[in-house]
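Please examine the structure shown here together with its sequence. The account that follows is meant for a reader who has not met this structure before.

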Amino acid sequence: MSRAAVRVGSRFPYDGEIVEVVELASTQAGGEVVLKDGQERLLRPAVKELLPSDRARIIPGGPGPASDDPQDVAAVVLDQLDAAERERVLERAAHVREMLTGFRSGSEEPAAAGEPRAPYAAGEPLESRYAAKAAGLEVAARTVKRWVSAFRRDGEAGLVPARSGPRSGHRNAEPWSEAAPEVMVEYTGQSKPSRKMVIERTRARVLARGFDEEDLPSRATAYRLLEDMERRHPTFRLSTKRNRDIAARPGGVYGKLRPTRPGEYLLMDTNRLDVFALDPGMLQWLQAELTVAVDAFPGLGKTTAVLAFARDFHRREIAEGGAFTAGGHERLPVCRVGLTGNTG
């Protein structure tokens, strides 16, 4: 069954004409919509009478909700609230509508006594409205801006505290998950902290950045998040010395590091040879390996020196033993294996 959202701008045939929703109104009797037909006439039917009626059929302007959407539809989110939570969400929505329109209901009709108030009059810029609302509610201006953004995106469902809705563990975990690693890193050079200490310091840091208590994950969720972060930055599980060693590891790949002194890194290359030797201890034939280890600053002539020695050794062996062995095979005293490098 297809579904479509009813919002300002929605269009559908009604009594043989195409009408458009120009306003949504909330009254004591329930929700109402203001419709405008092709002749600029306005109609105001109740939503509960309009939707079940055969006289109207929504024309979807885009795809409706789907089962793989990242969040539930507003009806599902709001239905999970108890009476007290619903009241808080409606109160917050009224504050947002007052910031945006000057009226807690979102419309001049019906307007409450004294509306619009001076800080929310039509000529006031949004920033001053945000500041006035933040001062009146004793919250950060950043908080009311997030309310407005959530309300514009998801309506009243966007104002549901994260722990009350189905998105718990996602929306409210972001600011906490950003601050917790910062706290964990600060303990690298100190004694090992407890998980409770890190959670409390993270909580204080998130609140200091303008978030509210309801933006914080529950204590159980905080412990689960710490377990995930422990894999990226060990703090609690291993010894303090081991944690410091891990934190001191270079951020890049070892193969791309540049030495700062001789002996810091050793370049090694090993190749198996077609030569076998008898181990006198184990009495087993073992395949010999040729290993070369070179350690020096780049660009100092390591390759040149090795090639010069190999050339002289090769020539001396040929001069002494001849170019061919007694069995008629070509004598190869030196076999060069080139290694790529970057000395730029």
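The paragraphs below move from the overall fold to the cores, one helix, the salt bridges and a surface patch.

This is a predicted model, in which local features need pLDDT of at least 70, side-chain atom pairs count only at pLDDT 80 or more, and totals for chains, interfaces and linings use all residues. Residues are numbered from 1 along each chain as its sequence is written, and side-chain values use heavy atoms, with hydrogens and water left out.

The chain contains 10 helices and 6 strands; these are DSSP runs numbered from the N terminus, with helices (H or I) of at least four residues and strands (E) of at least two. Of its 344 residues, 25% are buried, where buried means under 20% relative accessible area, exposed over 50%, and partly exposed in between, with a 1.4 Å probe and protein chains only. Among the contacts with a separation of 6 or more, 46% join residues 24 or more positions apart; a contact requires heavy atoms within 4.5 Å. The chain exposes about 22700 Å², and carbon and sulfur atoms supply 54% of that area, computed by the Shrake-Rupley method with a 1.4 Å probe.

In soluble globular proteins, nonpolar side chains tend to be buried together. The largest nonpolar core here has 18 residues, of which Val-89, Val-96, Met-99, Val-144, Leu-159 and Val-160 touch the most other members. Such a core is a set of buried Ala, Val, Leu, Ile, Met, Phe, Trp, Tyr and Cys residues joined through side-chain atoms within 4.5 Å. After the core residues come the elements: helices H2 (74-79), H3 (83-101), H4 (126-137) and H5 (141-154) each give two or more residues to this core, and H5 gives the most, with 5 residues. Leaving aside neighbours within four places in sequence, Val-89 is in contact with Leu-78, Leu-81, Glu-156, Leu-159, Val-160 and Pro-161. A second, separate core of 17 residues includes Ala-173, Leu-225, Leu-226 and Met-229.

Helix H8 (residues 219-232) has 14 residues and should span 20 Å at 1.5 Å a residue, which agrees with the 20 Å between its end C-alpha atoms; the expected span is 1.5 Å times one less than the number of residues. Within H8, Thr-221, Ala-222, Leu-225, Leu-226, Met-229 and Glu-230 are buried. An α-helix has 3.6 residues a turn, so residues three or four places apart point the same way. The buried residues of H8 pack against helix H6 (174-186) and helix H7 (195-208).

The structure holds 11 salt bridges, each a side-chain nitrogen of Lys or Arg within 4 Å of a carboxyl oxygen of Asp or Glu. In one of them, Glu-91 pairs with Arg-104, with the closest N and O atoms 3.0 Å apart. Glu-91 lies in helix H3 and Arg-104 in the loop between H3 and H4, 13 residues apart. Another joins Arg-205 and Glu-186, also at 3.0 Å from N to O, and thereby links helix H7 with helix H6 across 19 residues. Glu-182, Glu-186, Arg-201 and Arg-205 are linked in a network of salt bridges.

Glu-289 and Arg-272 meet in a salt bridge at 3.5 Å, N to O, with Glu-289 in strand S6 (residues 284-294) and Arg-272 in strand S5. Strand S5 (residues 267-279) also holds Phe-276, which makes a nonpolar surface patch of about 390 Å² with Leu-278 and Trp-285. Patches are made of residues with over 30% relative accessible area and no salt bridge, like charges being joined within 9 Å and nonpolar side chains (Val, Leu, Ile, Met, Phe, Trp, Tyr) within 5 Å.
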